[in-house]
Amino acid sequence: MSLTAPVTAPTPAAAFERLLTIMDDLRTNCPWDKKQTLESLRHLTIEETYELSDAILSCDMQEIKKELGDIMLHLVFYARIASETNDFNITDALNSICDKLINRHPHIYGDVTVNDENDVKRNWEQIKLKEGNKSVLGGVPVSLPALVKASRIQEKARGVGFDWEERKQVWEKVEEEMQEFKQEFNVEDDTAIDHDKAESEFGDLLFSLINYARFIDINPEDALEKTNRKFIKRFQYLEVKAHESGKKLQDMTLAEMDVFWNEAKKL
């Protein structure tokens, strides 16, 4: 099969083999591809991951397909670079994940019985500890964005039974943290505010809200990003309407801007 022919490979295996062959060609012959290292690709991979995230939130299936291909390219690129130093190759990486999945799903590939997804998560964390992980939280990447990291920390703690029993208890914790945050500002003199303490209490409040979101099955990262997008859309509507009225936002009153803002909300 010609690599450049505009035809679709007949099977997933054939398509993957085609990608590997193209990667080999590029690494051998393309000046840019020959120059890349694991480190130089890292920031590009992060960018591609965020682009996939954007496509998912936009429910754009064609864009999701495109971004999955881009990320797949990066994965085989890393494996190709590692193969040049005899550290590992793509076969090693694929066999590694296959072995891990089999080992961590004893309810599928062994004789363990589970009742629900929570049992699966608990087994997963316990198996990781048996594999040598010193802490349940050791698998949470240090460089994760704080909001995502908080969710992962809470999920992993729950996997070993460290969790609230009822949703009501979690909301009571939210209210407690809200009061502690408010107390930091209940002073007559603004200069007396302890901003370090206030920041700490705000972090506690966010952490408890993220915990409550988990209890009611809301992904806080997705929820906040959708609110970001909603705000951007409404604000851009406000900008357009202000321009059409011959006005500048900085010269408008809040009451004037609210008129357009409320129009945007209705749309």
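**Exercise 1. Place Lys156 in this predicted model, and decide whether the residue is buried or exposed.**

Solution. The starting point is the helix, since Lys156 is found in α8. The next step is the relative accessible area, which for Lys156 is 3%; because buried means under 20%, Lys156 counts as buried. The last step is to look at what surrounds this residue. Once its neighbours within four places in sequence are left aside, Lys156 is in contact with Glu125, Lys128, Val136, Leu137, Gly139 and Val140. With one of these residues, Glu125, there is also a polar contact, made between the two side chains at 3.3 Å.

**Exercise 2. Check the length of α8 against the expected span, and find which helices its buried residues pack against.**

Solution. Helix α8 has 14 residues, which at 1.5 Å a residue should span 20 Å. The C-alpha atoms at its ends are 20 Å apart, so the two values agree. Turning to the buried residues, the helix contributes Ala150, Ser151, Gln154, Lys156, Ala157 and Gly159, and these pack against α7, α10 and α11. After the helix comes Gly161, whose phi is positive, near 90°.

**Exercise 3. Describe the second largest pocket by its volume, and name the helix that gives the most to its lining.**

Solution. The volume of the second largest pocket is about 490 Å³. Its lining is made up of 21 residues, and the closest to the centre are Ser151, Arg152, Glu155, Arg214 and Asn219. Helices α7 (117-130), α8 (146-159), α10 (195-215) and α11 each supply at least two lining residues, and α8 gives the most, with seven residues. Sorted by character, the lining of this pocket holds eight nonpolar, four polar and nine charged residues.

**Exercise 4. Carry out the corresponding description for the largest pocket, beginning with its volume.**

Solution. The largest pocket has a volume of about 660 Å³. Of the 20 residues in its lining, those closest to the centre are Ile46, Thr49, Tyr50, Leu144 and Pro145. At least two lining residues come from each of α3 (38-57), α4 (61-84) and α11 (220-244), and α3 gives the most, with 10 residues. By character, the lining of the largest pocket divides into 11 nonpolar, four polar and five charged residues.

**Exercise 5. Compare the reach of α4 with its expected span, and state what covers its buried residues.**

Solution. Helix α4 has 24 residues, and from its first C-alpha to its last it reaches 35 Å, close to the 34 Å expected at 1.5 Å a residue. The buried residues of α4 include Ile64, Glu67, His74, Phe77 and Arg80, and what covers the buried residues of this helix includes α1 (12-29), α2 (31-35), α3 and α5 (90-103). The helix is followed by Asn86, which has a positive phi, near 60°.

**Exercise 6. Classify Thr28 by its accessibility, and trace its contacts.**

Solution. Thr28 is found in helix α1. Its relative accessibility is 45%; because partly exposed lies between the 20% and 50% limits, Thr28 counts as partly exposed. Leaving aside neighbours within four places in sequence, Thr28 is in contact with Lys34 and Arg80, and Arg80 is one of the buried residues of α4. The side chain of Thr28 also reaches the backbone oxygen of Asp24, at 2.8 Å. As a last step, consider Asp119, which is 91 residues from Thr28 along the chain: the C-alpha atoms of the two residues are separated by 48 Å.

Key
Residues numbered from 1 in each chain as written. Predicted model: local features only at pLDDT ≥ 70, side-chain atom pairs only at ≥ 80, totals over all residues. Heavy atoms only, no water. 1 Å grid on protein atoms, 1.4 Å probe; cavity = no way out; pocket = protein on both sides within 12 Å on 5 of 7 lines; lining within 4 Å. Points joined across faces, edges and corners; volume = space filled by probe spheres on them. Helix = DSSP H or I, 4+ residues; strand = E, 2+ residues; numbered from the N terminus. Nonpolar A, V, L, I, M, F, W, Y, C, P; charged D, E, K, R; others polar. Buried < 20%, exposed > 50% of the residue type's maximum accessible area, 1.4 Å probe, protein only. Polar contact = N/O pair within 3.5 Å; in protein donor to acceptor, adjacent residues only side chain to side chain. Contact = heavy atoms within 4.5 Å. Expected span 1.5 Å × (residues − 1).
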